[in-house]
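Student: I'd like to go through the cysteine links in this one with you. Could we take them one at a time?
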Amino acid sequence: MSTRSGVALPLALFTIVLAAVMITAVFYVGRLEQRMGNNSIAATRAFEAAESGITAVLNSWSTTYSGMLIGDTRTTGQVTVATGTNYTAYIRRLNSVLFLVQSEGRFQVGGVPVTRRQVARLVRLLAPDLSPDGALTTRLGLTVKDDARIDGADNIPPNWGFTCAAPFPSVPAIVDSAGPIITDPNCAGGSCLTGSTPIWVTTQARMSAYTTFGAVDFPTLAGSAERVVSGPVSGIQPSITGSPSQCNTGDVNNWGDPLDPSGRCWNYFPIIYSPGDLELQSGYGQGVLLVQGNLTISGDFRFFGVIVVQGTVTTTGTSTGRVYGALMTASVAGLPDGSIGGAAQILYSHCAIDRSVTGASVAESLRERGWMQLY
Amino acid sequence: MRRRAGFTLVELLMGLIIMGIVAAALTKVFLSQQRLTVTQVEQASMQANVRTGTLILANELREIGNNVTGGNDIKTFTSTSLTYRAMRSVALACGITSGGVRIRQNPIYGARPITAGRDSMLLFVEHGLGTTGDDEWVRLPITGITVSTCLTPDSAPAYRLATSGLPAASEVRLDAPVRTYEIMQVAPVVQGGHNWLGARSVSGGEALTPVAGPITVAGLSFSYLDENGNSTGTRSNIRSIRIVLRGQTDWNVRPGNGLVGPSQPLLDSLVTTVTLRNMRLP
């Protein structure tokens, strides 16, 4: 058999190798381009996730953030916004009114972050201008009867001495715009009304005083409420959760802890909103209570802070229900006059007002230069 | 007569012709593939450059605040050039003394250390606590930086930023934010026979340096839009900036499959609109 020589085989092999190299190069370039495109998409998604973290924190601003100590940091934990896209936001209190909300957005593939972007926003606390001029402010008529007491002296609540300044000057027991204040025989001569003066009639108690609090209005405050309640309410008391224990702000019956300074809920001042009538029967809490309808305090309920009622207020019963702070009742025209009766005590407290209003502050982005990109 | 094996002249010629045709076809395929590869590599590179340039510009311009306290961040603006304040870091003030602002060493959020002379600062002044209407950012030069301590009980490590024209210490709250910035300019620049997207630190006294490209001769253009998305030439009305970046390949390449058409640079463009995030909120 003769040996046949030729170039066909080497030529074919050479051609195949060369073609393979070319095709590989084309695939490589294509893959490179695809990856660059994917990276752009991933970066955009991470950035948008970070932005959504800021927005989410601002939209669901918790009064627990308002109660944070200066320098403290809280986190939302990792929040998933879409498949493979999530953010973690951190809320750091800078000073008494400023917070830095920092959000890291991530785009993940197979659970591993491939892109991270960080943005931040400076947030300012806007405290409602709730500084009532008296222990009880009313717009229309009111009856004070039984063993009720309204005191305009600056009362420092029990156990609050360490955190309150020296008592401020007394204010009137009742600030009234027009309606007659009727006191029953037990309160003859206004003996149940103490303070700088029993009753101060002023036009300051007009309707807007109950709906507009400086830069914040009633609906805005109500919209920030952490508790929405109505009807009869009892058993309000602080609760804790977890280990180490922390204030259980998820408990609807937890309205903070005004009695125990070492308690986890001592600095928790929720905004509580009642869209209709509300009857407080037992328990205790603190914060800012907004009532769209009428308020009744029928038992030994104790509240520390500010109560704003669009309707009328009625207190009844022999148990001593107490309000430390101030109570404002707009007594909308057409409703029967309110009455402070039973053994209720409305005790003006500058400190309770101050702490609850600070805790109930509304957060808003800094008006200018509040947004920043972090590296 | 003995028979001798071999090819006839005709067979040999036929073989050579066939081999020539095959070789020519292969060469054409190889050249086509090579040019296609070169074209694609160039195109990918060009697109990456345009993306990078757009990303740089968007990141720089997004933090601009205009018509706000502390002065406008947009200094000069044309259709091909923009001079602006570029935010560089955020820190927290922990003490005001005569001629100096102390900032905490930790945290400082920034891409690079603060540089005296090159950087200036904006200090947040609260004034009244009950209103946001009087809040303002006060612009201050940074004339020097020294290591110091905070005027706080813990005397935390700080930097003292020497400055002048400080507001009263009583008006600056502890841990008030401080933003540092430098004046930057972005504009086209020619280098090595190509046009590039260039950038320079005006406050740092730098010359324009290419940062992305190459781009076409008119490869960078800015449009300034008001709150309704209409073009505006009034600085105080600018709410967003539309950036058009037109890139081109480094080398001339044949378009399409690499075989037809004249050899020329490939062109591509990217348009993005950046909303200024630090405008005054209503």
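Student: Why is the disulfide of A:Cys164 and A:Cys351 left-handed or right-handed, whichever applies?
Tutor: This is a predicted model, and in it the torsion about the S-S bond of A:Cys164 and A:Cys351 is about -85°, so this disulfide is left-handed. A:Cys164 sits in the loop between strands S7 and S8 of chain A while A:Cys351 belongs to helix H4, so the bond ties together parts that are 187 residues apart in sequence.
Student: Are those two cysteines buried or exposed?
Tutor: Both A:Cys164 and A:Cys351 are buried, and the S to S distance of the pair is 2.0 Å.
Student: OK, stepping back, how many disulfides does the structure hold?
Tutor: There are three over all chains. Another of them joins A:Cys247 to A:Cys265, with 2.1 Å from S to S, and the 110° about its S-S bond makes that link right-handed.
Student: And where do A:Cys247 and A:Cys265 lie in the chain?
Tutor: A:Cys247 is in strand S17 of chain A, and A:Cys265 is in the loop between S17 and strand S18, 18 residues apart; A:Cys247 and A:Cys265 are both buried.
Student: Switching to chain B, which cysteine does B:Cys94 pair with?
Tutor: B:Cys94 is joined to B:Cys150, with an S to S distance of 2.1 Å, and the link is left-handed, with -75° about the S-S bond. The pair links strand S2 of chain B, which holds B:Cys94, to the loop between strands S7 and S8, which holds B:Cys150, and the two are 56 residues apart.
Student: Why does B:Cys150 count as buried?
Tutor: B:Cys150 counts as buried because its relative accessibility is 2%, and B:Cys94, at 0%, counts as buried too.

Methods
Residues are numbered from 1 along each chain as its sequence is written. Chains are lettered from A and ligands numbered from 1 in the order in which they are written. This is a predicted model: local features need pLDDT of at least 70, side-chain atom pairs count only at pLDDT 80 or more; totals for chains, interfaces and linings use all residues. Side-chain values use heavy atoms; hydrogens and water are left out. A disulfide is a pair of cysteine sulfur atoms within 2.5 Å. Helices (H or I, at least four residues) and strands (E, at least two) are DSSP runs, numbered from the N terminus. Buried means under 20% relative accessible area, exposed over 50%, partly exposed in between (1.4 Å probe, protein chains only).
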